[in-house]
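Hello,

I am passing a structure on to you, and my notes on its salt bridges follow below. I hope they help you find your way around.

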Amino acid sequence: MRLIRCGAPALERPGVLLPDGTRLDVSATVRDYDEEFLGGDGLARLRELVRQRGGSLPRFAEGARLGPPVCRPSKIVCIGLNFVDHARETKAQIPKEPVLFFKSTTALQGPDDDVTIPRGATKVDYEVELAFVVGRLARHVPEERALEHVAGLVLHNDYSERAFQLERGGQWVKGKSCDTFAPLGPALVTLDEVPDPGRLRMWLKVNGETRQESSTANMVFGVAHLLSYVSTFMTLLPGDVISTGTPAGVGLGFDPPRYLKAGDVVELGIEHLGQQRQRLVPFHG
Ligand code: ZN
């Protein structure tokens, strides 16, 4: 199943994207894709609703805006340096254990919304990433049971401001958390729709030029290991987003670096998960 949320920012309603592109509005039955929905039997009930009444459910208007496919989660945990080629291009060591950092949940936005260049920013960068959404409370989960705690997969562009991230002292979180820096979607895709999460083609273009092209097969640590690992340090709640890192080709990796500017268009995708498109706009106010 492909879960979507449609409507104006902060007023999105839950829906289901069908294989033929139809976007069903399920808001009469489901309040939102949140901790309660994902942690209970929401997905099973939704599957049944679509099977029994899919033909008679209302549709979202053609061209309606997509929001992030989950309601604001308790946290976004990101994995750093999880691709060997990306670690090399940033002149970092291949990590022995996953590198974790947080991204503010207020950075979340829809997959095709404009991205705002933050006030004072000079080094805005993109990162195509496979993210997964937690489907069941997870605390010290062994790796062999980890996937039972995953609701599904989603495309994420982990935007970064490299000067805030690397030149302002302390942790990476400063460069990762600006408003609009976490486009998520188009859909939360349940695991049964994806043959092998460890073998998905991923790509990103800036103004039509390919910058990143890789596969989740090149990840140092896979989805199951990451959920298990993170759950030894903190309790993961249903709806939490974990983003698994980016391959080589980010702006920081070029010599000289190639950062984004107002007017640039970033397009990205991951096999089976869909595509995103963002336009960079200047800060106002
Ligand atoms: Zn990242």
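**Salt bridges in the model**

Glu209 has a relative accessible area of 33%, so this residue counts as partly exposed. Please keep in mind as you read that the model is predicted.

The side chain of Glu209 forms a salt bridge with that of Arg258, with 3.0 Å from N to O. This pair joins distant parts of the chain, as the partners are 49 residues apart. Glu209 belongs to strand 15 (residues 209-215), while Arg258 sits in the loop between strand 16 (241-243) and strand 17 (265-270). Arg258 is partly exposed too, because its relative accessible area is 31% and the partly exposed class runs from 20% to 50%.

Another pair to look at is Glu167 with Lys123, whose side chains meet in a salt bridge at 2.6 Å, N to O. Here again distant parts of the chain are linked, with the two positions 44 residues apart. You will find Glu167 in the loop between helix 4 (162-166) and strand 12 (182-183), and Lys123 in the loop between strand 7 (115-116) and strand 8 (124-125). Lys123 has 24% relative accessibility and is therefore partly exposed.

Glu36 and Arg31 also pair up through their side chains, in a salt bridge of 3.3 Å from N to O. Both of these residues, Glu36 and Arg31, are exposed.

Some of the charged residues form a network: salt bridges link Lys103, Asp125, Glu127, Asp158, Arg162 and Lys176. Across the model, the count comes to 25 salt bridges.

Best wishes

Terms used:
Residues numbered from 1 in each chain as written. Predicted model: local features only at pLDDT ≥ 70, side-chain atom pairs only at ≥ 80, totals over all residues. Heavy atoms only, no water. Salt bridge = Lys/Arg side-chain N within 4 Å of Asp/Glu carboxyl O. Buried < 20%, exposed > 50% of the residue type's maximum accessible area, 1.4 Å probe, protein only. Helix = DSSP H or I, 4+ residues; strand = E, 2+ residues; numbered from the N terminus.
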